[in-house]
Amino acid sequence: MSGTGGREAILGSIRRSLGRGPLDETARAALDEKLAKPAPNIVPARTDISQDERIALFTSMAESVFATVERVSGAHAVPGAVADYLAGQNLPPSLVMAPDPALDDYPWADRPMLAIRRGAAEEADRVGVTGALMGFAETGTLMMASGPDHPSTLNFLPETHVVVLPAERIGGAYEEGWAKLRADGEGATGAGFMPRTVNLVTGPSRTADIEQTITLGAHGPRRLHIVIVDGDAP
């Protein structure tokens with residue numbers, strides 16, 4: 001089942017289960033208008049601050065949910081920051097990196113001891129490195145959009161996830177991320193393209209299901225390290 005026919009079959013099945021028929025023309029026009037011009041939801045007042053304050057709030061919120069954050073002075077410092085973090089965690093200097101062209105602009109060759117494989121994560125990979133579409137000061141959350149340059153396995157399989165995030169990509173609230181996705185999609189295809197999956201990641205994986213004790217790495221990475229990069233984004 002694929003294409004428009006498949007979509008209509010699925011939506012028709014949902015309508016029948018709800019005991020509802022197709023939308024009339026008035027309701028369909030109103031829905032199309034709403035989808036074409038999405039209105040933002042309520043935005044927390046705490047995100048209406050300067051960019052430096054947003055970065056500080058993002059850092060504070062991320063660290064409050066067990067992520068670690070390092071801010072570096074430019075692209076030249078990224079490979080060293082990643083290598084030093086791995087050494088500090090007693091991890092081998094071996095990683096799988098997203099095939100994201102933006103990551104090519106960091107001088108990884110400056111750290112020749114880093115063994116880098118590009119592509120999707122596999123079960124044996126212990127460390128994954130990706131970028132992120134945006135970070136949100138609202139909750140210290142990262143937005144990851146799937147695609148050929150960012151396989152979703154990198155967000156979940158490696159026990160350590162390192163995210164390289166240009167400082168200028170830190171916004172205030174979630175609504176900014178959805179607006180960027182729509183704008184990027186319109187620019188790329190002119191048809192409002194959206195990625196297959198969008199993952200919102202807030203800290204490393206954790207659960208308190210067992211005796212209300214926080215356990216990290218239950219359903220994904222046990223470590224999330226965010227390298228915030230000042231200067232122009234790649």
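Here is a short briefing on one helix, the sheet and the two largest pockets of this structure. The model is predicted, so please read every value below as computed from that model. The sheet is open and built from 6 strands in parallel pairing, while the largest pocket has a volume of about 480 Å³.

**Helix α3 and what follows it**

- Helix α3 covers residues 51-64, which makes 14 residues in the helix.
- At 1.5 Å a residue, α3 should span 20 Å, and its end C-alpha atoms do lie 20 Å apart, so the expected and modelled spans agree.
- Which residues of α3 are buried? They are Arg-54, Ile-55, Leu-57, Phe-58, Thr-59 and Ala-62.
- Just after α3 comes Phe-66, with a positive phi of about 80°.

**The sheet**

- Walking across the open sheet, you meet its 6 strands in the order β1-β12-β7-β4-β2-β3, with parallel pairing.
- The edges are formed by β1 (68-72) and β3 (115-118), each of which pairs on one side only.
- From one strand to the next, the twist averages 25°.
- For a look at one pairing, take β2 (residues 94-97) and β4 (residues 127-130), which run in the parallel sense and share 2 bridges.
- Val-96 stands opposite Gly-128 in β4.

**The largest pocket**

- This pocket, with a volume of about 480 Å³, is lined by 19 residues.
- Which of the lining residues are closest to the centre of the largest pocket? Leu-133, Ala-145, Ser-146, Asp-149 and Asp-184 are.
- Helix α6 (residues 174-189) gives the most to this lining, with 5 residues.
- Sorted by class, the lining of the largest pocket holds 9 nonpolar, 5 polar and 5 charged residues.

**The second largest pocket**

- The second largest pocket encloses about 330 Å³ of space.
- Both α1 (3-17) and α2 (25-36) supply at least two residues each to its lining, and α1 provides the largest share, 5 residues.
- Among the residues that line the second largest pocket are Arg-7, Glu-8, Leu-11, Ile-14 and Arg-15.
- Further along the chain, its lining also includes Leu-18, Arg-20, Leu-23, Arg-28, Leu-31, Asp-32 and Leu-35.
- How does the lining of the second largest pocket divide by class, and how many residues are nonpolar, polar or charged? There are 6 nonpolar and 6 charged residues, with no polar ones.

Terms used: Residues numbered from 1 in each chain as written. Predicted model: local features only at pLDDT ≥ 70, side-chain atom pairs only at ≥ 80, totals over all residues. Heavy atoms only, no water. Helix = DSSP H or I, 4+ residues; strand = E, 2+ residues; numbered from the N terminus. Expected span 1.5 Å × (residues − 1). Buried < 20%, exposed > 50% of the residue type's maximum accessible area, 1.4 Å probe, protein only. Pairing = 2+ DSSP bridges. Axes fitted to C-alpha atoms, helices over the stretch in contact; angles between N-to-C directions. 1 Å grid on protein atoms, 1.4 Å probe; cavity = no way out; pocket = protein on both sides within 12 Å on 5 of 7 lines; lining within 4 Å. Points joined across faces, edges and corners; volume = space filled by probe spheres on them. Nonpolar A, V, L, I, M, F, W, Y, C, P; charged D, E, K, R; others polar.
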